[in-house]
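Welcome! Here are some short exercises, each followed by a worked solution. Have a look at the structure first, then try each task before reading on.

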Amino acid sequence: MDADNVNVTNCRTRFADYFVICGLDLSSGLEPDNFAGDHLRTPLERSYKCKVLGHYPESVPSNPFDKDAVGMLCLPNGLQFRTQKSSLEPRFHSFVITKENGKRTYGASYVFFEETRNRKICSAMQTLQAMHLTEVSSTRSRRPLDHSTRSLPRHFKLSAHHNKAAQSYYDHTKDTLYVSKSIALILQTPYVHAAHTFLAGLYRFCRDWL
């Protein structure tokens with residue numbers, strides 16, 4: 001059997017070409033996702049740029065790794081932040097990458113939330129929130145006086161009575177900050193159910209082990 005035939009056979013029998021991890025790059029910090037168009041939302045509701053943190057193996061000749069496409073599709077909503085006040089349930093989705101030659105590559109992404117212990121990130125989120133509140137207060141101060149709002153957004157003042165509004169704000173003295181992360185598989189055959197089972201099992205194992 002020649003080398004070409006061996007390579008074809010390996011491609012057909014291999015479950016996945018790549019294992020990928022996407023998430024927050026601590027060296028880059030928080031970079032707003034300019035395509036999300038959500039600059040008017042609270043910092044905790046905004047989207048931030050994610051990056052491919054690692055992929056294994058480094059290269060598969062028959063399926064070159066597309067870092068930009070994989071990163072965007074593994075976390076299609078960008079990096080999302082939450083606190084313990086919001087749902088932190090993992091979620092799964094699959095996707096397809098169609099290359100210029102028409103060839104399709106399949107992906108499976110398992111997205112979960114991981115606690116953020118990095119002080120710089122927590123501080124940056126707190127600073128962004130303070131800036132947001134100042135901006136909202138300034139905007140409202142230029143409007144006719146509303147005694148129910150004063151300097152802070154009305155829904156923020158009523159957050160004790162409206163849990164949904166309270167979820168939009170981060171208090172570093174009380175809240176635990178979480179950020180989305182993805183573990184994913186890139187495949188040449190759409191083994192979606194098997195990929196879901198594998199990634200969910202890997203997540204549970206690592207979560208329990210840690």
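This is a predicted model.

**Exercise 1. Find where Q129 sits, decide whether Q129 is buried or exposed, and list what Q129 touches.**

Step 1: Q129 belongs to helix α3.
Step 2: The relative accessibility of Q129 is 6%. Buried means under 20%, so Q129 counts as buried.
Step 3: Setting aside residues up to four places away in sequence, Q129 touches P43, S168, Y169 and Y170.
Step 4: With Y170 there is a polar link: a polar atom of the Q129 side chain lies 2.7 Å from the backbone nitrogen of Y170.

**Exercise 2. Describe the overall make-up of the protein chain: how many helices and strands are there, and in what pattern?**

Step 1: Counting elements gives 6 helices and 6 strands.
Step 2: Following the sequence, their pattern reads α-β-β-α-β-β-β-α-α-α-β-α.
Step 3: The protein chain has 210 residues, of which 38% are buried.
Step 4: Among contacts with a separation of 6 or more, 74% are between residues 24 or more positions apart.

**Exercise 3. Explore the largest nonpolar core: which residues touch the most other members, and which elements contribute?**

Step 1: As general background, nonpolar side chains tend to be buried together in soluble globular proteins.
Step 2: The largest nonpolar core here has 28 residues, and V20, F81, M125 and L177 touch the most other members.
Step 3: Two or more residues of this core come from each of β1 (18-23), α2 (67-74), β4 (91-98), α3 (119-141) and β6 (177-187).
Step 4: The largest share, 4 residues, is supplied by β6.
Step 5: Now zoom in on V20. Beyond residues up to four places away in sequence, V20 touches V52, G54, H55, F65, V70, S182, I183, A184 and I186.
Step 6: Another core, of 11 residues, lies apart from the largest one, and its members include A108, F112, L187 and A200.

**Exercise 4. Look at helix α2: which residues are buried there, and what covers them?**

Step 1: The buried residues in α2 include A69, V70, G71 and C74.
Step 2: Their cover includes β1, β2 (51-56), β4, β5 (104-115) and β6.

**Exercise 5. Count the disulfides, then explain why C22 is not bonded to C74.**

Step 1: A disulfide is a covalent bond between the sulfur atoms of two cysteines.
Step 2: The count for this model is 0 disulfides.
Step 3: The closest cysteine sulfur to that of C22 is in C74, at 4.0 Å. A disulfide needs the sulfur atoms within 2.5 Å, so this pair is too far apart for a bond.
Step 4: C74 is likewise in no disulfide, as its nearest cysteine sulfur is that of C22.
Step 5: C22 counts as buried, at 0% relative accessibility. C74 also counts as buried, at 0%.

**Exercise 6. Place K181 and find its polar partner.**

Step 1: K181 is in strand β6.
Step 2: The side chains of K181 and E114 are joined by a polar contact of 3.3 Å.
Step 3: Leaving out neighbours within four places in sequence, the contacts of K181 include I21, C22, G23, L53, L75 and Y110, along with E114.

**Exercise 7. Search for enclosed space: how many cavities of 30 Å³ or more are there, and what lines the largest?**

Step 1: The whole structure holds 2 cavities of 30 Å³ or more.
Step 2: The largest has a volume of about 60 Å³.
Step 3: Its lining includes Y18, N63, P64, F65, D66 and V70, as well as I97, K99, T105 and I186.

Conventions: Residues are numbered from 1 along each chain as its sequence is written. This is a predicted model: local features need pLDDT of at least 70, side-chain atom pairs count only at pLDDT 80 or more; totals for chains, interfaces and linings use all residues. Side-chain values use heavy atoms; hydrogens and water are left out. A nonpolar core is a set of buried Ala, Val, Leu, Ile, Met, Phe, Trp, Tyr and Cys residues joined through side-chain atoms within 4.5 Å. Buried means under 20% relative accessible area, exposed over 50%, partly exposed in between (1.4 Å probe, protein chains only). Contact means heavy atoms within 4.5 Å. A polar contact is a pair of N or O atoms within 3.5 Å; within protein, one must be able to donate a hydrogen and the other to accept it, and residues adjacent in sequence count only if both atoms are side-chain atoms. On a 1 Å grid over the protein atoms alone, a cavity is a set of points where a 1.4 Å probe fits but cannot get out, and a pocket is an open set with protein on both sides within 12 Å along at least five of seven lines; lining residues have an atom within 4 Å of a point. Grid points are joined across faces, edges and corners, and a volume is the space filled by probe spheres set on the points.
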